[in-house]
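Colleague: I am new to reading models like this one. Could we go through the terms one at a time?

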Protein chains: 2
Amino acid sequence: MIRRFLSKNKAVLGYGLSLAVLLFILKWLELRFVIYDHAMELYVGAIALMFTLLGIWLARKLTRPQKETIIIEKTVYPDTSLGFVPNETEIAGLGISKRELEVLELMARGFSNEEIANRLFVSLNTIKTHSSRLFEKLDVSRRTQAVEKAKRLRLIP
Amino acid sequence: MIRRFLSKNKAVLGYGLSLAVLLFILKWLELRFVIYDHAMELYVGAIALMFTLLGIWLARKLTRPQKETIIIEKTVYPDTSLGFVPNETEIAGLGISKRELEVLELMARGFSNEEIANRLFVSLNTIKTHSSRLFEKLDVSRRTQAVEKAKRLRLIP
DNA sequence: CGATGGGTCATACTTTAGTATGATTTTACG
DNA sequence: CGTAAAATCATACTAAAGTATGACCCATCG
């Protein structure tokens with residue numbers, strides 16, 4: 001606890017210490033030389049200088065550095081393969097299954113139903129049923145519409 | 001020239017002025033009260049305080065603010081719908097005509113050939129020929145592929 | 001002026017897409 | 001263990017999409 005206090009109030013402690021040292025020097029000067037009236041200006045000047053310097057030092061120590069936030073806008077071209085996060089909420093809300101989503105993705109990539117069937121190792125009819133259900137759920141009637149809507153809803157990249 | 005000097009050295013001049021004022025005050029105090037030995041500490045203290053404050057003020061005026069730059073990189077995704085610039089080079093290179101591009105855009109938006117025909121006030125057959133030529137030029141065989149490729153080549157948004 | 005390219009349209013045809021319906025098999029869950 | 005959702009497949013059909021070919025109009029350009 002004490003260490004924390006020390007570290008937190010380092011500047012203040014430093015100021016106190018400096019003050020003490022300066023007062024000591026003053027006392028010493030007072031004893032060393034009899035202060036005549038004509039020496040007064042010099043004495044005051046010295047004090048002024050010292051404390052001005054102290055003030056400068058204090059100011060530099062105490063003022064916390066001004067933070068300047070520079071926001072660099074970095075344009076990132078939608079690298080569909082890297083930075084895509086599917087809208088799970090929408091997918092779930094529409095009740096689209098995993099398999100249907102797979103079909104949808106391949107559709108969006110321009111594959112025909114037959115090509116999709118070959119890729120997924122199922123029959124053409126299966127793909128047809130999948131796509132039909134997909135169109136129902138997406139409330140569309142053609143694959144191009146489905147792709148357009150799916151991209152708009154961020155179901156697919 | 002004088003005004004420029006004044007404005008450039010405002011802080012220095014301020015310091016000089018303050019010093020003069022303070023010295024005047026000191027002189028006044030010296031005249032006003034006879035400075036006894038026991039009043040010495042108080043006097044010195046006042047000077048110390050004043051000059052410390054002056055030093056702080058000076059430091060704040062003269063030293064340029066300590067900046068701590070925080071750089072935040074903010075990724076900005078370009079709004080494809082607003083700031084879209086078609087790749088004219090590619091369009092010209094592939095020899096795609098204005099009308100064909102129109103058809104392509106409507107295709108991408110999910111319209112059927114018949115819908116496109118109605119929109120452009122031409123017959124279904126015309127749209128079919130347009131799309132056939134389009135597919136040839138894009139080297140694809142289906143509309144979904146055409147849309148995918150066109151978007152990839154930035155022919156359409 | 002004639003060739004060229006863009007746009008239009010038609011007919012005839014093939015292929016792909018999409019719908020309707022029914023059935024079987026997995027798989028997940030209470 | 002039984003049920004519901006998901007996934008599979010089939011048949012039969014309709015509706016789009018796409019191809020091939022030929023024709024016509026019109027502006028532009030050498």
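Modeller: Happily! Let us start with one histidine: H130(A) touches R99(A), E100(A) and V103(A), leaving aside residues up to four places away in sequence.

Colleague: What makes these pairs count as touching?

Modeller: Contact means heavy atoms within 4.5 Å. This is a predicted model, where local features need pLDDT of at least 70, side-chain atom pairs count only at pLDDT 80 or more, and totals for chains, interfaces and linings use all residues. Side-chain values use heavy atoms, without hydrogens and water.

Colleague: Why is H130(A) called buried?

Modeller: Buried means under 20% relative accessible area, exposed means over 50%, and partly exposed lies in between (1.4 Å probe, protein chains only). H130(A) has 18% relative accessibility, so H130(A) counts as buried.

Colleague: How do you know that H130(A) makes a polar contact with DNA strand D?

Modeller: A polar contact is a pair of N or O atoms within 3.5 Å; within protein, one must be able to donate a hydrogen and the other to accept it, and residues adjacent in sequence count only if both atoms are side-chain atoms. In H130(A), a polar side-chain atom sits 2.7 Å from a phosphate oxygen of DNA strand D. Chain B takes part too: an N or O atom in the side chain of S132(B) is 2.8 Å from a phosphate oxygen of the strand, and a polar backbone atom of R143(B) is 2.6 Å from one.

Colleague: What makes a residue part of the surface near DNA strand D?

Modeller: One of its heavy atoms must lie within 4 Å of the strand. There are 18 such residues around DNA strand D, and H130(A) is among the closest. Of the strand's atoms within 4 Å of the protein, 67% belong to sugar or phosphate and the rest to bases.

Colleague: Which helix gives the most to that surface?

Modeller: That is α7(A), with four residues, and H130(A) lies in this helix. Helices (H or I, at least four residues) and strands (E, at least two) are DSSP runs, numbered from the N terminus.

Colleague: Which residues of α5(A) are buried?

Modeller: They are E100(A), L101(A), V103(A), L104(A), L106(A), M107(A) and A108(A). Among the elements covering them are α7 of chain A and α8 (143–152) of chain B.

Colleague: How confident is the predictor in chain A?

Modeller: pLDDT is its confidence in each residue, from 0 to 100. Chain A has a mean of 76, and 55% of its residues reach 70 or more. Over residues 1–6 of chain A, pLDDT stays under 50.

Terms used:
Residues numbered from 1 in each chain as written. Chains lettered and ligands numbered in written order.
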